[in-house]
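This briefing covers a sheet, a helix that lies across it, and two loop residues. The sequence and structure are shown first.

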Amino acid sequence: MLSVIVEIMTNKTIFSDADKFLEYKDLRWSGILKSVRKSANKLQPLFETFTNSLEAIKLRQRKGDVFDPYINVVLNFSPNLIGGSSELIDISVEDNGIGFDDDNFRRMVIYKDDTKGFNNRGSGRIQMIHFFQYVTIDSTYQEKSIVKKRKFTLSKGTQFIDKNTILYNTEEPHPVNNGEIKTVVKMQAPLDNKDAEDYAKYDCTNLKDELINHYLLHFCAIKDNLPSINIIWLVNNLESSREQITFDDIPEPTHKDVVISVPMCKISEDMKRVDYVADNVVSISIFPYKISSDILQTSEIKITSKNEVSETTKIKLTCIDPSVALDNYRYLFLLKSDYFDRLDGDERGNIEIIDKTEFRKRAKSQGFIEEQILLNDIQEVVNDKASEIYEEIAIQNQMFCDRIEQLKKDYLLSEEALSDISLSDSIEEVFKKAYTYDAKVMAQENAKYEGEVQILNSLDPSSDDYQGKLSTIVDQLVESIPIQNRVTLSKYVVRRKMVIELMDKILNRMLHCQEESKRNTDERLLHNLIFKQHSNNPLTSDLWMINEEYMYFKGTSESVLFKVEIDGNRIFRDEFEDEEKRYFNSLGENRRLMRADVLLFPSESKCVIIEFKNPSVNLADCLTQISTYAYFLRNFTKPEYKFLTFYGYLIGESLEKRDVRAADGDFKTAPHLDFLFRPMKTVRDDSGSNQDGSLYTEVIQFSVLKERAKLRNKAFIDCLMPKGTTNVDEEDSVQLHQHLIPL
């Protein structure tokens, strides 16, 4: 960075002529600089300069000049120890456009001048000086028939702001002999070291990709007259690499003249409703591209303004899963409209289009809101049109819709619950949205039921008519439950019955996969039946067979113990004492590779450990396994987890109770429930905190779990459809019973 320091020191000496500072009288630059924020996009100053070069070339072409347009982007870096890029020193962008003649220099001087004709607001220069200490512009141009040159510097440094300016005329306009028409914008000395380091993370190739992606629409529009665009990489002022953007780099839209109409919206007089404005629509052109999935990582819809892509307003692609490639292609839909150009703000590409919810919110808070198009409408119309443009998208869309319809039929999901699903949603996400919606509806219904429930306060359990009154209240509540809810509950019960039957078939080795496999896979099948291996979502499991509550805890299935996470954070420590490391590998073992079948975390300081065994394995031989896991969870996890209470389940089929009690006399037989339990075993704390844990353990057979689950399911059915129920008509009763397979 020594060269940068020398250059800055040199620059300080040239800003000594007070007459060369262009002082403003009618505005305060200190206030303007605060009002226009620095862009979050590190490449924004480069984009601003590159945009100006494209516009300068277009202005010169409009004059009728015949020339070969070019833009050279040169990035100069200080070297690192191995000769690569370390930190950005400066960026130079050179073009042979119209240059800063008197008209264009006047536009530069006037803040927010919009006479250039490209919907410019003149605020791009502010982004440059937000990022760089000095921006020097050296321009050779033609004024009438005379070739002239001028040079000026932009900065928000103290020397400039004290003079209420950002501009210093380094060289006044003067004629030059045989001068080549060109302009060089040099942005020097990044103000933020992190920006300088971040630029070094790019190289010629991916910077080329960034420029193509950002200016794709503009490049497509001028493809037949594309300037020669070179990206040049310098390290310590010596060229290290070079790339060029050529005709072949720019894709063609697969369809042309695709135009949609989106209606303008207004708020109703009572501020409660969003209405469309009659006969007032915005025309939007769609430029659809079919691009190799190697180049385009996700399919997208992008708004453009002034022929540049805007990243501030996101439009969801719902007609296809954005991550999916169809025949190795993804899809890009660029939207262009004069409406978007007019919305563009001081930060180029900063376009805000709001949805209906935000539209209502702002209207109510402000008391008014201007007519505008809304994000929901754009999204709906564009996605519909995308399916029309590409048949393969329409096919994928239909397949997804068919799948959703099947889910609605199988699980009685409502239309309202799935109103906002998209093709990017997994089946799990579809269910989450449906059940979240149902939970909200149920909450509203429960509020209605609450009034009826309050009558319970008047009941006297010791009175003679207590049972009669209670039954009457129950019947009234049941009648108020929609029949669809009871059908849903019925299907819920049937699904559980199917799981019970499947466990029975596995235990009796009746599945085809068991007959065909050379290895005994019974343990794996039973494990996956209850909680799929390598899963971390108990909500989608059938852990209810062990305990109903276990489905709602955080947890993981078939995980290396030391890699287990809660909410994305590993629970085991990263660093260990020498003695602990010795223990992990003592006796020729690697104890850090232990795998737990199921771990659940019901609340702070608690852990459920479930271990499945092949039906042929004697459970008495496996009694220490859960205790070992509990010991590791107590001693080697991070302090913030501090597991103290453990619940263990050793589940298999080969159980000889005497063997278990012979191995550990603390196990007891549960009365009437046919399993063994040990009320408490100490989990020693050898970590130094001197706070031992406790372990409750059950040893139980799969067949007992199955019978217990069957009884629970039957009890649920009996509550759902008690004998003699008369509060549904015959047709509804038949509909309910069709979903209930006799146990």
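**Sheet, helix and two loop residues**

In this predicted model, seven strands form an open sheet with mixed pairing, in the order S14-S17-S18-S19-S22-S21-S20. Strand S14 (554–560) and strand S20 (668–669) are at the edges with a single partner strand each, so one side of each has no neighbour in the sheet.

**Pairing within the sheet**
- Strand S19 (residues 645–652) and strand S22 (residues 693–701) run parallel and are joined by eight bridges.
- Tyrosine 649 has glutamate 698 in S22 as its bridge partner.

**Helix H20**
- Helix H20 (residues 624–635) lies across strand S17 (595–601), strand S18 (606–612), S19, strand S21 (676–683) and S22. Its direction is at about 150° to that of S18.
- From first C-alpha to last, the twelve residues of H20 reach 16 Å, close to the 16 Å expected at 1.5 Å a residue.
- Ile626, Ser627, Tyr629, Ala630, Phe632, Leu633, Arg634 and Asn635 are the buried residues of H20.
- The cover over these buried residues includes helix H19 (578–584) as well as S17, S18, S19, S21 and S22.

**Positive phi outside glycine**
- Lysine 144, in the loop between strand S3 (132–143) and strand S4 (146–154), has a positive phi near 60°.
- Lysine 144 counts as exposed because its relative accessibility is 77%, and the cut-off is over 50%.
- Aspartate 567 has a positive phi near 55° and sits in the loop between strand S15 (565–566) and strand S16 (569–570).
- With 57% relative accessibility, aspartate 567 also counts as exposed.

Methods. Residues are numbered from 1 along each chain as its sequence is written. This is a predicted model: local features need pLDDT of at least 70, side-chain atom pairs count only at pLDDT 80 or more; totals for chains, interfaces and linings use all residues. Side-chain values use heavy atoms; hydrogens and water are left out. Two strands pair if DSSP finds at least two bridges between them. Helices (H or I, at least four residues) and strands (E, at least two) are DSSP runs, numbered from the N terminus. Contact means heavy atoms within 4.5 Å. Axes are lines fitted to C-alpha atoms, for helices over the stretch in contact, and angles run from 0 to 180 degrees between N-to-C directions. The expected span of a helix is 1.5 Å times one less than its number of residues. Buried means under 20% relative accessible area, exposed over 50%, partly exposed in between (1.4 Å probe, protein chains only).
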